[in-house]
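Work through the following exercises with the sequence and the coordinates at hand. Each task is followed by a solution in steps.

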Amino acid sequence: MPGSVAIELTNNGVTSASISVPAQALSPSFFVFSGTPYVAALHADYSLLGPASLFPGSTTPAKPGETVLLYANGFGATSVPVVSGSEVQSGSLSPLPVVEIGGIGATVDFAGLVAPGEFQFNVTVPASLADGDQPLKATYNGSTTQSATLITVQN
């Protein structure tokens with residue numbers, strides 16, 4: 001949708017003045033844990049993924065070869081049109097985004113909407129990755145996620 005969009009914010013019943021911002025079909029980005037570069041991610045058993053120090057006792061690193069769940073937004077239209085105002089959204093991306101972890105291509109098994117504005121990617125961590133924080137990026141239809149996002153890997 002080319003052109004501009006009017007945006008207003010409402011907080012405690014007070015609405016701001018309207019401003020005009022350019023509309024973009026794609027603006028992909030990973031969700032990150034607040035104040036960190038670590039991507040909001042889960043293990044396949046839905047436990048939190050991250051360095052052990054991120055949320056002590058709750059987060060653990062990914063293992064090479066493991067399938068992990070990554071969360072993002074801004075990847076555009078899916079196979080099922082978005083229904084304005086609906087609390088439930090679904091649909092997959094086609095083609096699948098290209099995901100790199102530590103500069104190595106990762107296998108993407110699923111990429112789609114799981115909630116309004118929330119994409120989930122099921123990705124297999126490359127088996128050859130070294131231990132430590134690894135940079136993560138996704139590219140879709142020529143647009144790439146923000147830089148400096150990380151996922152922690154531990155053999």
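## Exercise 1: Contacts of I101 and the core

Task: list the residues in contact with I101, leaving aside its neighbours within four places in sequence.

Solution. Contact means heavy atoms within 4.5 Å. By this cut-off I101 is in contact with A106, V123, V125, P126, L129, Q134, P135, L136 and I151, its neighbours within four places in sequence being left aside. The model is predicted: local features need pLDDT of at least 70 and side-chain atom pairs count only at pLDDT 80 or more, while totals for chains, interfaces and linings use all residues. Residues are numbered from 1 along each chain as its sequence is written, and side-chain values use heavy atoms, with hydrogens and water left out.

Next, place I101 in the core. A nonpolar core is a set of buried Ala, Val, Leu, Ile, Met, Phe, Trp, Tyr and Cys residues joined through side-chain atoms within 4.5 Å. Buried means under 20% relative accessible area, exposed over 50%, and partly exposed in between (1.4 Å probe, protein chains only). The largest such core has 27 residues, and L70, I101 and F121 have the most contacts inside it. Two or more residues each come from β7, β8 (98–101), β9 (104–115), β10 (118–124), β11 and β13. The largest share, four residues, is that of β9. In soluble globular proteins, nonpolar side chains tend to be buried together.

## Exercise 2: Strands

Task: state how many helices and strands the protein has, then describe how β11 and β13 pair.

Solution. Helices (H or I, at least four residues) and strands (E, at least two) are DSSP runs, numbered from the N terminus. The protein has zero helices and 13 strands. Two strands pair if DSSP finds at least two bridges between them. Strand β11 (residues 132–140) is antiparallel to β13, with four bridges. In one of the bridges D133 has T152 of β13 as its partner. From β13 (residues 150–153), L150 and T152 point one way and I151 and V153 the other way; all are buried.

## Exercise 3: Aromatic pairs

Task: count the aromatic pairs and classify the one formed by F33 and F55.

Solution. Rings of Phe, Tyr and Trp (its six-membered ring) pair if their centres lie within 6.5 Å; planes under 30 degrees apart count as stacked, over 60 as edge-to-face and the rest as tilted. The count is five aromatic pairs. The ring centres of F33 and F55 are 5.4 Å apart and their planes stand at 85 degrees, so this pair is edge-to-face. It links distant parts of the chain, 22 residues apart: F33 is in the loop between β5 (29–30) and β6 (41–43), and F55 is in the loop between β6 and β7 (67–73). F33 counts as buried because its relative accessibility is 13%; F55, at 37%, counts as partly exposed. Elsewhere, ring pairs link F30, F75, F119, F121 and Y140 into a cluster.

## Exercise 4: The surroundings of H43

Task: is H43 buried or exposed, and which side chain does it join in a polar contact?

Solution. H43 belongs to strand β6. Its relative accessible area is 6%, so H43 is buried. A polar contact is a pair of N or O atoms within 3.5 Å; within protein, one must be able to donate a hydrogen and the other to accept it, and residues adjacent in sequence count only if both atoms are side-chain atoms. The side chains of H43 and T60 are joined by such a contact of 2.8 Å. Not counting residues up to four places away in sequence, H43 touches L48, L49, T60, P61, A62, E66 and L69.
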